[in-house]
Amino acid sequence: MTTFHAVVWMDHTEAHVMMFDKEHVEAQRIKARSHHTPKHGHVGADKDFFKQIADALAGVTEVLLTGPANAKIEFRDFCKHNAHAIDKAVVEVVEVVTTDHPSDAQVVAMARQYFKRLG
């Protein structure tokens, strides 16, 4: 599917990568391999997990990141600081939105509305 928009719902254990156009959605789930929780309860950034997400977004020009915790912000920062390590970097993270655990259909509907307003 050739598309310019994507939305990623993510936490530290998995990411739902959904690329879409007006009529179609192509979804992929990516699981983190590491589930280690440090003593203070914060799960650190999993660079391999983030690279898999970035690779899944190859060719997308704009992406909306969403999810319940800090993983989305850490992924955005990973993309900014590791563009050299990402074969086909995401062109632009347009927004980071905090959400709970909506269904994939709800996430795509939210993203479609967001990009419609964006222009």
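# Exercises on a sheet and its helices

**Exercise 1.** In helix 2 (71–81), Ala71, Lys72, Glu74, Phe75, Phe78 and Cys79 are buried. Work out how they are arranged around the helix axis, and what they pack against.

*Solution.* Before we start: this is a predicted model, where local features need pLDDT of at least 70 and side-chain atom pairs count only at pLDDT 80 or more, while totals for chains, interfaces and linings use all residues. Residues are numbered from 1 along each chain as its sequence is written, and side-chain values use heavy atoms, with hydrogens and water left out.

- Step 1: get the words straight. Buried means under 20% relative accessible area, exposed means over 50%, and partly exposed is in between (1.4 Å probe, protein chains only). Helices (H or I, at least four residues) and strands (E, at least two) are DSSP runs, numbered from the N terminus.
- Step 2: look down the axis. The buried residues of helix 2 cover an arc of only 160°, which puts them on the same side of the helix. (The arc is taken from the directions that lead from the helix axis to the C-beta atoms.)
- Step 3: check the face turned away from the buried side. There you'll find the exposed residues Lys80 and His81.
- Step 4: find the partners. The buried residues of helix 2 pack against strand 1, helix 1, strand 4 and strand 5, where a contact means heavy atoms within 4.5 Å.

**Exercise 2.** List the elements of the chain from the N terminus on, then put the strands in their order in the sheet.

*Solution.*

- Step 1: count. The chain has three helices and five strands.
- Step 2: walk along from the N terminus, and you get β-β-β-α-β-α-β-α.
- Step 3: move to the sheet. Its five strands form an open sheet, ordered 3-2-1-4-5, with mixed pairing; two strands pair if DSSP finds at least two bridges between them.
- Step 4: spot the edges. Strand 3 and strand 5 each pair on one side only, which makes them the edge strands.
- Step 5: add the twist, which averages 20° from one strand to the next.

**Exercise 3.** Which strands pair with strand 1, and in which sense?

*Solution.*

- Step 1: recall that strands of a sheet pair through backbone hydrogen bonds, either parallel or antiparallel.
- Step 2: take strand 2 (residues 14–20). Strand 1 runs antiparallel to strand 2, with six bridges joining them, and a hairpin of three residues links the two. Methionine 10 faces alanine 15 in strand 2.
- Step 3: take strand 4. Here strand 1 (residues 5–10) runs parallel, with five bridges. Histidine 5 has glutamate 62 as its bridge partner in strand 4, and valine 8 stands opposite leucine 65.
- Step 4: follow glutamate 62 onward, and you meet glutamate 92 opposite it in strand 5. Strand 4 and strand 5 (residues 92–98) are joined by six bridges in the parallel sense.
- Step 5: check burial. In strand 1, five of the six residues are buried, so this strand is largely enclosed by the rest of the structure. Strand 4 (residues 62–67) also has five of its six residues buried, so it too is largely enclosed.

**Exercise 4.** Describe helix 1 from its buried residues to its N-terminal end.

*Solution.*

- Step 1: name the buried residues of helix 1 (47–56), which are Phe49, Phe50, Ile53, Ala54 and Ala56.
- Step 2: place them. They fall within an arc of 160°, so they line one face of the helix. Lys47 and Asp48 are exposed on the other side.
- Step 3: see what covers the buried residues of helix 1. The cover includes strand 1, strand 2, strand 3 and helix 2.
- Step 4: look at the N-terminal end. Aspartate 46 caps it, with a side-chain oxygen 3.2 Å from the backbone nitrogen of aspartate 48.

**Exercise 5.** Is alanine 45 buried, exposed or partly exposed, and which residues is it in contact with beyond its sequence neighbours?

*Solution.*

- Step 1: locate alanine 45 in the loop between strand 3 (25–31) and helix 1.
- Step 2: read its relative accessible area. At 44%, alanine 45 is partly exposed.
- Step 3: set aside neighbours within four places in sequence, and alanine 45 is in contact with Phe50 and Glu74.

Terms used. Axes are lines fitted to C-alpha atoms, for helices over the stretch in contact, and angles run from 0 to 180 degrees between N-to-C directions. A polar contact is a pair of N or O atoms within 3.5 Å; within protein, one must be able to donate a hydrogen and the other to accept it, and residues adjacent in sequence count only if both atoms are side-chain atoms.
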